[in-house]
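Look at the model below before reading on. The paragraphs that follow go from the surface of the chain to its elements, and then to pairs of charged side chains.

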Amino acid sequence: MGIFSFFQKKKNLTPKPGFIEKRLLPRWKIQTLAKIKWQDAKDYLACEVIDLNMRGFCLSMTEKIPEIDGLVELYFNDKYFFNIEISFVWHKEINGKQVYGIKFLKVRDSDKEKIYLMMKENFASRLGKFL
């Protein structure tokens, strides 16, 4: 910091905005317990689905899992289960939990209908204008 730094133009620091939703199709905040199983796995792993839409979901688990793209079974409420092909988009550790952003690669039309039915039956208040 010298004598000439006094004459330098000061940078106008603007605060960073909070979270800005960039998705064309916003996700429904459902925060519900679920189970997930990869194609060759023997057992389901307990997880929580934080949010969901027809293009993907956010998954939270206590243990770290291998980020293997492929076919999985996603199981909700002992009633709904979906065979879907997924791809991992991002991973973070938040408060000791492993949080994953997952994109659907393939979802059958019948599974899309089941997702809407599940949302309508269990999370109607969160569907808002989509119902």
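The protein chain exposes about 9400 Å². Carbon and sulfur atoms supply 55% of that exposed area. The model shown here is predicted, and the areas are computed from it. Of the 131 residues in the protein chain, buried residues make up 37%.

Next come the elements. The protein chain has six strands and two helices. Read from the N terminus on, their order is β-β-β-β-β-β-α-α. Contacts tell how parts of the sequence meet in space. Among contacts between residues at least 6 apart in sequence, 53% join residues at least 24 apart.

Now to the charged side chains. Side chains of opposite charge can pair when their charged atoms come close. How many salt bridges does the structure hold? There are four salt bridges in the structure. One of them is formed by Glu121 and Lys79, whose closest N and O atoms are 3.2 Å apart. This pair links distant parts of the chain, with the two positions 42 residues apart in numbering. Glu121 belongs to helix α1, which covers residues 109-122. Lys79 sits in the loop between strand β4 (70-76) and strand β5 (80-94). Is Lys79 buried or exposed? Lys79 counts as exposed because its relative accessibility is 55%, and the cut-off for exposed is over 50%. Glu121, at a relative accessible area of 45%, is partly exposed.

Helix α1 also holds both partners of another salt bridge, Asp111 and Lys114. These two residues are three apart in the sequence, about one turn of the helix. Their side chains meet at 3.4 Å, N to O. Asp111 takes part in a salt bridge with Arg108 as well, and there the closest N and O atoms are 3.4 Å apart. Which residues are linked in a network of salt bridges? The network is made up of Arg108, Asp111 and Lys114.

The members of this network can be compared by how much of each is accessible. Asp111 has a relative accessible area of 0%, so it is buried; the cut-off for buried is under 20%. Arg108 is partly exposed, with a relative accessible area of 45%. Lys114 also counts as partly exposed, at 29% relative accessibility. In this network, then, the buried Asp111 forms salt bridges with the partly exposed Arg108 and with the partly exposed Lys114.

Definitions and conventions. Residues are numbered from 1 along each chain as its sequence is written. This is a predicted model: local features need pLDDT of at least 70, side-chain atom pairs count only at pLDDT 80 or more; totals for chains, interfaces and linings use all residues. Side-chain values use heavy atoms; hydrogens and water are left out. Helices (H or I, at least four residues) and strands (E, at least two) are DSSP runs, numbered from the N terminus. Buried means under 20% relative accessible area, exposed over 50%, partly exposed in between (1.4 Å probe, protein chains only). Contact means heavy atoms within 4.5 Å. Accessible areas come from the Shrake-Rupley method with a 1.4 Å probe; for residues, only the protein chains shown count as cover.
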